[in-house]
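This report looks at helix geometry, helix packing and aromatic contacts, taking each in turn.

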Amino acid sequence: MPHEHHDHPHSLLPPEPELRVKALETILVEKGLVDPEALQLIIDTYQHKIGPQIGARLVARAWADARFKDRLLNDTDTVLDEAELAGRQGEHVVVVENTADTHNLVVCTLCSCYPWPLLGIPPGWYKSDNYRRRAVREPRAVLAEFGLTLPETTRIRVWDSTAEIRYLVLPQCPEQATNLSEDELAQWVTRDSMIGAGLPICPADSNMQIEG
Ligand code: FE
């Protein structure tokens, strides 16, 4: 069910937010209120250090360790606190588990709310009007465009993110991957599989895709 976004902070964004942010940044730096190097460090962190590999490690551990999986699903905030992955857009993460008969897909219909500490910067398509508009209305068609055609019998649940709640999909562990180590399992977990727009991929196959 799509959430109402009346109190969504992004709905207060003015037109041309990039220009306004740049103007604000210039004033803050000129007045000595913001250190440009500190700002660059934050940007660099999200561009290069925080990425889907963080979420992938959680998924891999959940696949390998049933007790951890149970905690990740049912006591998510505590698990993320312990891993120092809470806050900065990561608060109140809800983990939704794909099962044999249910597939989960995440969207933010109003803007682009996303679990940054777990997945890094959202991909362009996640923020696109097209995806935001259609993910709720015709998820099956959207998934097919990602190359993911699910059986008609699979139920698709769409989760609309808000400023308060971010979602992470816990994909199913592929049969061929069972019994692998946590490190190996993590290689199978793609960013898109944690949004629900894809499934885990055998690392050998994903390398071939990149080369091809
Ligand atoms: Fe949003």
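## Helix α2 and its cap

A polar contact is here a pair of N or O atoms within 3.5 Å, of which, within protein, one must be able to donate a hydrogen and the other to accept it. In this predicted model, such a contact is found at the N-terminal end of α2, where Asp 35 acts as the cap, with a side-chain oxygen 2.9 Å from the backbone nitrogen of Glu 37.

The helix that Asp 35 caps comprises 14 residues, 36-49, and its first and last C-alpha atoms are separated by 19 Å, which is close to the 20 Å expected at 1.5 Å a residue.

## Packing of α3 against α4

Helix α3, made up of residues 52-64, packs with helix α4, residues 66-74, at an angle of about 130°, and the two axes lie 5 Å apart. The helices α3 and α4 are therefore classed as oblique to each other, since angles over 145 degrees would be needed for roughly antiparallel.

On the α3 side the contact involves Leu 58, Arg 61, Ala 62 and Ala 64, which meet Ala 66, Phe 68, Lys 69 and Leu 72 of α4.

## Aromatic pairs and a cluster

Across the whole structure, a search finds seven aromatic pairs. One of them joins Trp 125 and Tyr 126, whose ring centres are 6.2 Å apart and whose planes stand at 70°, so that the pair is edge-to-face.

Both residues belong to one aromatic cluster, which is formed by Tyr 114, Trp 125, Tyr 126, Tyr 131 and Phe 146. Tyr 126 is buried, its relative accessible area being 0%, whereas Trp 125, at 21% relative accessibility, counts as partly exposed, because buried means under 20%.

How values were computed: Residues are numbered from 1 along each chain as its sequence is written. This is a predicted model: local features need pLDDT of at least 70, side-chain atom pairs count only at pLDDT 80 or more; totals for chains, interfaces and linings use all residues. Side-chain values use heavy atoms; hydrogens and water are left out. Helices (H or I, at least four residues) and strands (E, at least two) are DSSP runs, numbered from the N terminus. The expected span of a helix is 1.5 Å times one less than its number of residues. Rings of Phe, Tyr and Trp (its six-membered ring) pair if their centres lie within 6.5 Å; planes under 30 degrees apart count as stacked, over 60 as edge-to-face and the rest as tilted. Buried means under 20% relative accessible area, exposed over 50%, partly exposed in between (1.4 Å probe, protein chains only). Axes are lines fitted to C-alpha atoms, for helices over the stretch in contact, and angles run from 0 to 180 degrees between N-to-C directions. Angles under 35 degrees count as roughly parallel, over 145 as roughly antiparallel, 65 to 115 as roughly perpendicular and the rest as oblique. Contact means heavy atoms within 4.5 Å.
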